Amino acid sequence: MGVAKNLQAVKDVIPSHVTLVAVSKTKPDEVILEAYQAGHRDFGENKVQDLVGKQERLPADIRWHMIGHLQSNKVKYLAPFVHLLHGVDSLKLLGVINREAEKNDRVIDCLFQVRIALEETKFGLPEEDLKQLIQSDEFAAMDHVRIRGLMGMATYTENSNQIREEFRQLKRIFDRLKASQFKNQESFDQLSCGMSGDYALAIEEGSNLVRIGSLIFGPRNY
Ligand SMILES: *Cc1c(COP(=O)(O)O)cnc(C)c1O
């Protein structure tokens, strides 16, 4: 199947400032190892149980990204090792992450998931709610989480103009936050958007972290 070849083909076309998260959800350990042996270290999963199992079985220097929706009661399983949480979308969840990070004597890197898709089904915070969260006293008191940036998912559509507009919107929100609430915070520097079907568009619109699964590992069988 040529996972290493697919991986290289993706790496050849994305600029060097863009981080590639290889989305290995539903895929067995062997194919992840194939990518690992080709030198890749950033992998993404969207289910806590799968992520924990793979982390236990696979090499310890893999950087594991949780890209799916995260429930508060499962944060404890990821807190000891997770590299980046992409889907943070509530103050309550962030509070739990902060507490579990403290128990593990860590500071956990997080992205706020912003609602950019026009369709109803996606998770994420509208910009106004996000601003309120950031301005809250509770947020100010959390010193075991570090907000690295934003994550967004475009509408599932063939309309590339709409997708582009949604990514552009996410970048605008990112820039506004970077110029205000996260001013002087150099570590607020990650914009996670773009998947197999729309990563090129996303990078054109300012993404520096793409999450690519099927293009590397082939289609998923659920
Ligand atoms: C599955 C998934 C991806 C990767 O999707 P592909 O289309 O296979 O590249 C990216 N981001 C999230 C949040 C996902 O759940």
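**Figure 1. Eleven residue names to find around the second largest pocket: Asn-46, Lys-47, Val-48, Gln-49, Asp-50, Met-66, His-69, Leu-70, Gln-71, Lys-74 and Tyr-77 line it.** A pocket here is an open set of points on a 1 Å grid over the protein atoms alone, where a 1.4 Å probe fits and protein lies on both sides within 12 Å along at least five of seven lines; lining residues have an atom within 4 Å of a point. This is a predicted model, so local features need pLDDT of at least 70 and side-chain atom pairs count only at pLDDT 80 or more, while totals for chains, interfaces and linings use all residues. Residues are numbered from 1 along each chain as its sequence is written, and side-chain values use heavy atoms, with hydrogens and water left out. The pocket holds about 180 Å³ of space, a volume being what probe spheres set on the points fill, with points joined across faces, edges and corners. Helix H3 (residues 48-57) supplies the largest share of the lining, three residues. Sorted by type, the lining has four nonpolar, four polar and three charged residues. Here Ala, Val, Leu, Ile, Met, Phe, Trp, Tyr, Cys and Pro count as nonpolar, Asp, Glu, Lys and Arg as charged, and the others, Gly among them, as polar.

**Figure 2. Helix H1 (residues 3-13) has Val-3, Leu-7 and Val-10 as its buried residues.** They cover an arc of only 65° around the axis, so they sit on the same side of H1. Buried means under 20% relative accessible area and exposed over 50%, with partly exposed in between (1.4 Å probe, protein chains only). The arc is taken from the directions from the helix axis to the C-beta atoms. Turn to the other side of H1 and you meet the exposed Lys-5, Asp-12 and Val-13. The cover over the buried residues of H1 includes strand S1 (19-23), helix H2 (29-37), strand S8 (209-212) and helix H10 (214-217). Helices (H or I, at least four residues) and strands (E, at least two) are DSSP runs, numbered from the N terminus.

**Figure 3. Leu-20 sits in strand S1.** With 5% relative accessibility, Leu-20 is buried. Its contacts, leaving aside neighbours within four places in sequence, are Leu-7, Val-10, Lys-11, Ile-14, His-40, Asp-42, Val-210, Ile-212 and Ile-216; contact means heavy atoms within 4.5 Å. Now look for Arg-211: this residue is 191 residues from Leu-20 in sequence, yet their C-alpha atoms are 6.3 Å apart.

**Figure 4. In helix H6 (residues 127-135), look for the buried Glu-127, Leu-130, Leu-133 and Ile-134.** Viewed down the axis of H6, these buried residues fall within an arc of 120°, so they line one face of the helix. An α-helix has 3.6 residues a turn, so residues three or four places apart point the same way. The face of H6 turned away from the buried side carries the exposed Glu-128, Gln-132 and Gln-135. Packed against the buried residues are H5, S5, helix H7 (137-140), strand S6 (145-151) and H8.

**Figure 5. The largest nonpolar core has 65 residues, and Leu-78, Leu-85, Leu-94, Ile-97, Phe-112 and Leu-150 touch the most other members.** Helix H8 (residues 160-179) gives the most to this core, with six residues. A nonpolar core is a set of buried Ala, Val, Leu, Ile, Met, Phe, Trp, Tyr and Cys residues joined through side-chain atoms within 4.5 Å. Not counting neighbours within four places in sequence, Leu-150 is in contact with Leu-111, Phe-112, Val-114, Leu-130, Leu-170, Ile-173, Phe-174, Leu-177, Phe-188, Gln-190, Leu-191 and Ser-192. Apart from the largest core lies another, of five residues, including Leu-84, Leu-111, Met-151 and Leu-209.

**Figure 6. Asp-105 and Asn-184: what about their phi angles?** Asp-105 has a positive phi of about 55° although it isn't a glycine, and Asn-184 has a positive phi of about 65°, again without being a glycine. Most residues other than glycine have a negative phi. You'll find Asp-105 in the loop between helix H5 (91-103) and strand S5 (108-113), where Asp-105 is exposed, with a relative accessible area of 69%. Asn-184 belongs to the loop between H8 and strand S7 (190-192) and counts as exposed, at 78% relative accessibility.

**Figure 7. Ser-187 lies in the loop between H8 and S7.** Ser-187 counts as buried, at 18% relative accessibility. Leaving out residues up to four places away in sequence, Ser-187 touches Arg-146, Ile-147 and Arg-148.
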